[in-house]
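Dear colleague,

I am handing over the structure we spoke about, with the sequence alongside. Please have it open while you read, as my notes follow below.

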There are 2 protein chains.
Amino acid sequence: MMDSVDKFPIERVTEAGRKHVEDLVIKELPLTITLNNRELLTLLCSPADLEYLAVGFLFSEGLLQSKEEIEKITVDTQSGAAHVKRKDGTESVDESVSGWPVAKGCGGGTSFHSATDIKGQVRVSSPTTISPAEVFGLMREFLSRSQIHKETGGVHGAALCDSKEMLLFTSDIGRHNAIDKIFGECILRDIPIENRIIITSGRVSSEILLKVAKRGIPILISKSAPTDLGVRLANDLGVTLIGFVRGERMNIYANGWRVTTADK
Amino acid sequence: MMDSVDKFPIERVTEAGRKHVEDLVIKELPLTITLNNRELLTLLCSPADLEYLAVGFLFSEGLLQSKEEIEKITVDTQSGAAHVKRKDGTESVDESVSGWPVAKGCGGGTSFHSATDIKGQVRVSSPTTISPAEVFGLMREFLSRSQIHKETGGVHGAALCDSKEMLLFTSDIGRHNAIDKIFGECILRDIPIENRIIITSGRVSSEILLKVAKRGIPILISKSAPTDLGVRLANDLGVTLIGFVRGERMNIYANGWRVTTADK
């Protein structure tokens, strides 16, 4: 991930005084995502795994349904462009794309504005369970994977796991982007996500919860806190929501039946 | 700020076992901002100071230039709507509003996509200076003000200061929103921002830097890290950028001439 950071001359002020040093700064890339020649939006992201990000984003927004629909993906990191061409797409603006409700997302996330937005969203019914010890173990691994990015600050991690192990890990300056990168990788590499678990370092807002529920993920684990809408949606959509995982402690906000009782 | 949090029944897992308790969860409100009857976007925000947020957002996006342009502001927290009417505005869609580049922002921030976006942006030339001791003192106060929001996690703070004291403090689930709330309050309450300082808890991306530079703020202080584009823009636009302020330590990323040498 060294291409996600850059060296800058800075001045560091400490108890010992003021000193010119070199320091690592996280990179930020404006990435414009285009589907069938229609420019959809520009995300600010970390410049790695841009194919995964573009594809994950399009799935999250409902603009792609399967890998087979994709004819071609072209990514140009230099100019910050990701072009995705659907097999069914003509060169002109596609009907379903032009109907895409632009201008509502935050950091590329789907926006949830009212109860009508989640109508038709199927409840997650997976029987997957997890024990507190497994949650703590996965979070420990998650944090150790995040360690290398901590030096530069301000980067969000996301991971795909089953209850026993971490399968994929990625990071991005945006918490929405990090999760989309995970989903994009699953799609492009044919990695099943049924009955699997997502870990995020970031706050669980309604957007994040909806993004995860749409993919049928039964358990969402966060190092941070959820919002009230995140909790309500988790309840409504059948997602087990675990937050504030710190050491051997955690909060279960919704659908606690998937968390097997602690051994003591 | 009690209206920014809500009580939820959760299960807490600790070393002592698993227990049903009530916990505070931060609220999230989808707020749709309308200018002269044109719906601009829906932000996810904390449900406080929504007038400040709507006005600050419109200024940040260049859709309002002065308080005098505002004829009326209507905010409905229940339905999540903020309507702003400009004096010059007709009931139909206004020319400059319809030209607003939607779909590009993150959390309501202005998007910076290329060098052309900052063309015409005047360099900040304010002679304001600050000493390291003043930075550390302001950050201590900032953190103590943020304390009450820490309980629920995941809330960003923003403050307006001069080098001696904190003048305004606010918070929001979005770091862009928090800064827009500060600016909106300054505009509506006629609080001068010339030669003043902004503190943020959040990462300084290009969007945040540009938002602050547009208001002519000479010094931006963050508890967190900047991105490379944030640092580059700070250099280009004459903003003194200080990050990673922790105790008696900090990094100066750009325009260090406004930081008076440490006393030792």
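A word used throughout is "buried", which here means under 20% relative accessible area, while exposed means over 50% and partly exposed lies in between, all with a 1.4 Å probe and protein chains only. This is a predicted model, in which local features need pLDDT of at least 70 and side-chain atom pairs count only at pLDDT 80 or more, whereas totals for chains, interfaces and linings use all residues. Residues are numbered from 1 along each chain as its sequence is written, chains are lettered from A and ligands numbered from 1 in the order in which they are written, and side-chain values use heavy atoms, with hydrogens and water left out.

On confidence, the model scores ipTM 0.85 and pTM 0.88. The average pLDDT (the predictor's confidence in each residue, from 0 to 100) is 87 for chain A, where 84% of the residues score at least 70. Residues 91-95 of chain A fall below 50, and this stretch has 8 contacts in the model beyond near neighbours in sequence, a contact being heavy atoms within 4.5 Å. Residues 101-116 of chain A also stay under 50 in pLDDT, and for them the model has 56 contacts beyond four places in sequence. Where pLDDT is low, the predicted coordinates should not be read in detail.

Now to the aromatic residues. Rings of Phe, Tyr and Trp (its six-membered ring) are paired if their centres lie within 6.5 Å, and planes under 30 degrees apart count as stacked, over 60 as edge-to-face and the rest as tilted. The structure holds 2 such pairs over all chains. In one of them, the ring centres of F142(A) and F169(A) are 5.5 Å apart with the planes at 70°, so the pair is edge-to-face. F142(A) belongs to helix α3 (residues 132-150) of chain A and F169(A) to strand β8 (residues 166-172) of chain A, so the pair ties together parts that are 27 residues apart in sequence; helices (H or I, at least four residues) and strands (E, at least two) are DSSP runs, numbered from the N terminus. F142(A) counts as buried at 0% relative accessibility, and F169(A) counts as buried at 15%. In chain B, the rings of F142(B) and F169(B) have centres 5.5 Å apart and planes at 70°, so this pair is edge-to-face. F142(B) is buried at 0% relative accessibility, and F169(B) is buried at 16%.

By contrast, A133(B), which is found in helix α3 (residues 132-150) of chain B, counts as exposed at 51% relative accessibility.

The largest nonpolar core (a set of buried Ala, Val, Leu, Ile, Met, Phe, Trp, Tyr and Cys residues joined through side-chain atoms within 4.5 Å) has 34 residues, and those with the most contacts inside it are L160(A), I198(A), L209(A), L220(A) and L241(A). Both chains contribute to this core, since the elements that each supply at least two of its residues include α6 (228-237) and β11 (240-246) of chain A together with β1 (5-14) and β2 (17-26) of chain B. A second, separate core of 33 residues includes F183(B), I193(B), I208(B) and V231(B).

Helix α6(A) has 7 of its 10 residues buried, so it is largely enclosed by the rest of the structure. Its buried residues, among them L229(A), V231(A) and L237(A), pack against α5, β11 and β12 of chain A together with β1, β2 and β3 (29-35) of chain B. After α6(A) comes G238(A), whose phi is positive, near 75°.

Of the chain B strands named here, β1(B) and β2(B) run antiparallel and are joined by 10 bridges, where two strands pair if DSSP finds at least two bridges between them. They form a hairpin with 2 residues between them, and K7(B) stands opposite L24(B) in β2(B).

Finally, the cysteines: a disulfide is a pair of cysteine sulfur atoms within 2.5 Å, and by this rule the count comes to 0 over all chains. The sulfur of C186(A), a buried residue with a relative accessible area of 4%, is 11 Å from the closest cysteine sulfur, in C161(A), which is too far for a bond. In chain B, C161(B) is buried with a relative accessible area of 0%, and its sulfur is 11 Å from the closest cysteine sulfur, in C186(B), again too far for a bond.

With best wishes
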